[in-house]
Amino acid sequence: MSSKHILLVDDEDDIREVATVSLRAVGGWRVSSATGGSQAVAMARRERPDAILLDVMMPDVDGPTTFRRLQEDPMTREIPVIFLTAKAQSADRREFAKLGVAGTLTKPFDPITLSDQIASILSDRAGVS
Amino acid sequence: MSALAASVQTIFDDNSGAFLRRVTTLEQGVGAILAGSLGESLRAYAEADAHKLAGSLGTFGLPLGSELATRLEQRFAGGQGPAAPDDAHLTQMVVALRKQLEAHICASGSSRPEPEDDTLIAGLAAITGHGPVAVAPGRILVVDDDLPVREVLASILSEAGYDVRHVGSAKEAREVLEHDTIALLLSDVSMPGETGLDLIRFALCEHPETATLLISALEDPAIAQVAMDYGAYGYLYKPVRRSAVLIGVMNALRRRDMKLRERRAT
């Protein structure tokens with residue numbers, strides 16, 4: 001049986017690297033990664049991941065814009081998206097929820113629990129739908 | 001250490017230069033705020049770098065580092081503006097941030113436990129934990145595996161009135177650093193065995209009151225950048241003119257002197 005596939009989107013090398021290692025080692029995820037919003041949309045269309053972990057603040061196309069583009073595309077609109085946001089912006093969580101994201105995780109994250117947090121958000125979403 | 005922890009540590013090590021560069025930007029930004037001269041370009045860079053540090057450091061086991069970076073990010077977001085109540089603590093915050101990052105890098109490099117520093121863990125009071133540090137002209141240690149080169153460098157410095165020693169390897173330099181008080185380490189980059197970069201990293205961790213200056217025939221900006229990230233006070237290219245050596249040494253010693261005075265004052 002193939003493992004679940006997550007698309008990780010962040011412009012920071014260290015964050016992509018550590019999240020990739022964490023998700024593979026702890027959660028058994030198959031991970032692909034993108035460094036910006038435009039690349040993420042293209043990869044999501046092509047690879048149809050089971051979930052997308054999406055940084056909010058990126059210099060290219062930011063997280064909310066990327067999310068809207070994913071929502072507008074029938075090929076990607078059903079993919080659950082989890083925002084990854086720095087603590088300073090965590091007050092925006094309610095706004096993010098209104099957009100329709102599956103959940104929001106805060107940076108810095110714990111590499112040991114990241115996978116469980118994602119599983120928990122996806123599980124809650126599955127329960128709701 | 002688990003495989004995951006080891007991988008996370010490796011990623012931290014690989015990115016430590018970038019983290020230090022960002023702290024340097026924050027230091028420049030804080031300096032500009034306190035001087036009342038924070039321009040938009042530096043403000044934007046400093047805010048962005050603080051944001052990146054805030055999002056990263058906690059993931060690598062530096063939660064206080066993330067906390068300090070978050071506060072600095074919020075301050076930079078406000079621009080120069082009128083003086084904010086926390087401005088008096090900005091220097092302490094950015095010094096504490098660098099201190100914590102450097103301690104983590106040192107702990108990683110030597111595989112020894114991170115030094116316990118209750119004041120650091122307590123937060124900004126870290127700085128006040130330092131006792132007075134003697135500021136003395138001090139001795140210069142020249143390190144180069146090429147005997148004629150180090151003799152010329154030692155001669156230039158001796159003639160200028162400096163107290164100089166010279167050795168031919170990083171290993172010998174470590175021994176001198178252990179037993180002698182060295183104000184400035186002037187080291188070649190490419191040497192058999194341990195390189196000058198490794199040596200200044202060691203000095204930064206174990207002898208933070210020693211200023212470091214690198215000299216190399218390699219005109220590679222990337223190496224120079226790494227050296228500066230590690231904390232070197234300068235980088236000289238061979239062949240080097242007498243005046244360049246003396247100016248580089250004077251500047252490095254002056255910066256060391258200022259740093260030690262700042263520590264005593266805080």
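What follows is a chat between a colleague and a modeller about how the labels on this predicted model were reached.

Colleague: Before anything else, how do you know how far to trust chain A?
Modeller: The predictor's confidence runs from 0 to 100, and chain A averages a pLDDT of 90, with 91% of its residues scoring at least 70. Among its elements, β1(A) has the highest mean, 98, and helix α4 (residues 93-99) of chain A the lowest, 83.

Colleague: And what should I do where pLDDT is low?
Modeller: Don't read the predicted coordinates in detail there.

Colleague: OK. What makes up chain A, in terms of helices and strands?
Modeller: Five helices and five strands. From the N terminus on, they run β-α-β-α-β-α-β-α-β-α.

Colleague: How do the strands of chain A line up in the sheet?
Modeller: The order is β2-β1-β3-β4-β5 (chain A), in an open sheet with parallel pairing. The twist averages 20° from one strand to the next.

Colleague: Why are β2 (30-34) and β5 (103-107) of chain A called edge strands?
Modeller: Pairing takes at least two bridges between two strands. β2(A) and β5(A) each pair on one side only, and that is what the edge label refers to.

Colleague: How do you know that β1(A) and β3(A) are really a pair?
Modeller: Set the count against the cut-off. At least two bridges are needed, and four join β1 (residues 5-9) to β3 (residues 51-55) of chain A, so they pair, running parallel. If you want a spot to look at, Leu7(A) stands opposite Ile52(A) in β3(A).

Colleague: Which helices lie against that sheet?
Modeller: Two to look at are α2 and α3 of chain A. Helix α2 (residues 37-47) of chain A lies across β1, β2 and β3 of chain A, at about 170° to β1(A). Helix α3 (residues 63-72) of chain A touches β1, β3 and β4 (81-86) of chain A, and its direction makes about 150° with that of β3(A).

Colleague: On to chain B. How is its five-stranded sheet arranged?
Modeller: It is an open sheet with parallel pairing, in the order β2-β1-β3-β4-β5 (chain B). β2 (163-167) and β5 (235-237) of chain B have a single partner strand each, so one side of each has no neighbour in the sheet. Neighbouring strands are turned by 20° against each other on average, direction ignored.

Colleague: What makes β4(B) and β5(B) partners?
Modeller: Three bridges join them. The cut-off is two, so they count as a pair, and they run parallel. Along that pairing, Ile215(B) stands opposite Leu236(B) in β5(B).

Colleague: Why is helix α8 of chain B called mostly covered?
Modeller: A residue is buried if 20 or more other C-beta atoms lie within 10 Å of its own. In α8 (residues 196-206) of chain B, eight of the eleven residues are buried, so "mostly covered" is a fair label. Leu199(B), Ile200(B) and Phe202(B) are among them, and so is Arg201(B). The helix lies across β1, β3 and β4 of chain B, running at about 160° to β3(B).

Colleague: And why does Glu219(B) count as exposed?
Modeller: Exposed means 12 or fewer C-beta neighbours within 10 Å. Glu219(B) has 10, so it counts as exposed. You'll find Glu219(B) in the loop between β4 (211-216) and α9 (221-230) of chain B. Its C-alpha is 6.5 Å from that of Tyr237(B), 18 residues away in sequence.

Colleague: Which residues have the most contacts inside the largest nonpolar core?
Modeller: Ile52(A), Leu53(A), Leu54(A), Val81(A), Ile82(A) and Leu97(B), in a core of 63 residues. Leu97(B) touches Val23(B), Leu26(B), Gly65(B), Leu68(B) and Ala69(B), leaving out residues up to four places away in sequence. Apart from that core lies another, of 36 residues, including Leu141(B) and Leu214(B).

Colleague: Last one: how do you know that chains A and B touch?
Modeller: Contact means C-beta atoms within 7 Å. By that test, 18 residues of chain B are in contact with 19 residues of chain A, so the chains do touch. On the chain B side, α1 (3-35), α2 (40-56) and α3 (63-77) give two or more residues each, with the largest share, six residues, coming from α1(B). By class, that side has six nonpolar, ten polar and two charged residues.

Methods: Residues are numbered from 1 along each chain as its sequence is written. Chains are lettered from A and ligands numbered from 1 in the order in which they are written. This is a predicted model: local features need pLDDT of at least 70, side-chain atom pairs count only at pLDDT 80 or more; totals for chains, interfaces and linings use all residues. Ala, Val, Leu, Ile, Met, Phe, Trp, Tyr, Cys and Pro count as nonpolar, Asp, Glu, Lys and Arg as charged, and the others, Gly among them, as polar. A nonpolar core is a set of buried Ala, Val, Leu, Ile, Met, Phe, Trp, Tyr and Cys residues joined through C-beta atoms within 7 Å. Axes are lines fitted to C-alpha atoms, for helices over the stretch in contact, and angles run from 0 to 180 degrees between N-to-C directions.
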